[in-house]
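I opened the notebook with a short list of things to look up. The entries below follow the order in which I checked them.

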Amino acid sequence: PYPVRGTGSGRGPDMGSGRMLYKGTLVQVTSSNLLPLLLGSVGLVLLYRLLQRMKEKAYVQDAVVVITGASSGLGKDCARVFHAVGAKLVLCGRDKQKLDELTRELAGTAIGKRKTYTPQVVTFDLTDVDTVSSS
């Protein structure tokens, strides 16, 4: 067994302060290594808390919300949350079939007394300038 960090017991590598053994490799732990991970984690927690508050209160009820990339991933999940709180959605994406499926799914999930709106679908690719300008 290896010693606890920096104990210098002589039974294993003396890792010293700020170092740790990871899969047989000595890794220097510094604030520059941890800062992006910490900030990313804090950002995700804050986003989660904001979405929870939006579900509880009607911050965006009757507001128009445009979601790009709504056919999958985070955009699809955001569409579900915003629809549940009563926002008027404009769903944008490349795959019209997936957007139509999401529209049908959202139309079938009326929640309680809160008024919901049928989402509008706009199909285009944000990387294609001509398609964006014609939409």
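My entries go from the overall fold to single residues.

**Entry 1: overall make-up**

I note first that this is a predicted model. I counted the elements next. The protein has 4 helices and 5 strands. I read their order from the N terminus as β-β-α-β-α-β-α-β-α.

I then looked at burial. Of the 135 residues, 22% count as buried. The protein exposes about 9,400 Å². Carbon and sulfur atoms supply 57% of that area.

I also checked how far apart in sequence the contacts reach. I took the contacts between residues at least 6 apart in sequence, and 49% of these join residues at least 24 apart.

**Entry 2: the sheet**

I asked myself which strands form the open sheet, and in what order. There are 3 strands, in the order β3-β4-β5, and the pairing is parallel. β3 (64–68) and β5 (120–123) stand at the edges. Each has a single partner strand, so one side of each lacks a neighbour in the sheet. From one strand to the next, the twist averages 20°.

I looked more closely at one pairing. Strand β4 covers residues 88–93 and is joined to β5 by 4 bridges. G93 stands opposite T123 of β5.

**Entry 3: helices on the sheet**

I followed two helices across the strands. Helix α2, residues 73–84, lies across β3 and β4. Helix α2 runs at about 165° to β3. Helix α3, residues 96–107, lies across β4 and β5. Helix α3 runs at about 155° to β4.

**Entry 4: P119**

I picked P119, which sits in the loop between α3 and β5. Is P119 buried or exposed? I took under 20% relative accessible area as the cut-off for buried. P119 has 5%, so P119 is buried.

I listed the contacts of P119, leaving aside neighbours within four places in sequence. They are H83, L89, L91, T103 and L106. I placed some of these by residue number. H83 falls within the 73–84 range of helix α2. L89 and L91 fall within the 88–93 range of β4. T103 and L106 fall within the 96–107 range of helix α3.

I also checked P119 against A79, which is 40 residues away along the chain. Their C-alpha atoms are separated by 9.1 Å.

**Entry 5: salt bridges**

I asked how many salt bridges the structure holds. There are 3. Side chains of opposite charge can pair when their charged atoms come close.

I started with R80. R80 forms a salt bridge with D77, with the closest N and O atoms 3.0 Å apart. Both residues lie in helix α2, 3 residues apart, which is about one turn of the helix.

R80 also forms a salt bridge with E105, and here the closest N and O atoms are 2.8 Å apart. R80 lies in helix α2 and E105 in helix α3, so this pair ties together parts that are 25 residues apart in sequence. D77, R80 and E105 are thus linked in a network of salt bridges.

I checked accessibility for the network. R80 is partly exposed at 32%. E105 is partly exposed at 32%. D77 is partly exposed at 38%.

I then turned to D100 and K96. Their side chains meet in a salt bridge, at 3.6 Å from N to O. D100 and K96 are 4 residues apart in helix α3, so about one helical turn separates them. D100 has 25% relative accessibility and counts as partly exposed. K96 is partly exposed as well, at 44%.

**Entry 6: a nonpolar patch**

I looked for nonpolar surface. L35, L38, L39, V42 and L46 make a nonpolar patch of about 470 Å². I followed up L35, which is found in helix α1, residues 31–56. L35 counts as partly exposed, with 46% relative accessibility.

**Entry 7: D62**

I closed with a backbone angle. D62 has a positive phi of about 70°, although D62 is not a glycine. D62 lies in the loop between α1 and β3. Its relative accessibility is 39%, so D62 counts as partly exposed.

Terms used: Residues are numbered from 1 along each chain as its sequence is written. This is a predicted model: local features need pLDDT of at least 70, side-chain atom pairs count only at pLDDT 80 or more; totals for chains, interfaces and linings use all residues. Side-chain values use heavy atoms; hydrogens and water are left out. Two strands pair if DSSP finds at least two bridges between them. Axes are lines fitted to C-alpha atoms, for helices over the stretch in contact, and angles run from 0 to 180 degrees between N-to-C directions. Contact means heavy atoms within 4.5 Å. Buried means under 20% relative accessible area, exposed over 50%, partly exposed in between (1.4 Å probe, protein chains only). Accessible areas come from the Shrake-Rupley method with a 1.4 Å probe; for residues, only the protein chains shown count as cover. Patches are made of residues with over 30% relative accessible area and no salt bridge: like charges are joined within 9 Å, nonpolar side chains (Val, Leu, Ile, Met, Phe, Trp, Tyr) within 5 Å. A salt bridge is a side-chain nitrogen of Lys or Arg within 4 Å of a carboxyl oxygen of Asp or Glu.
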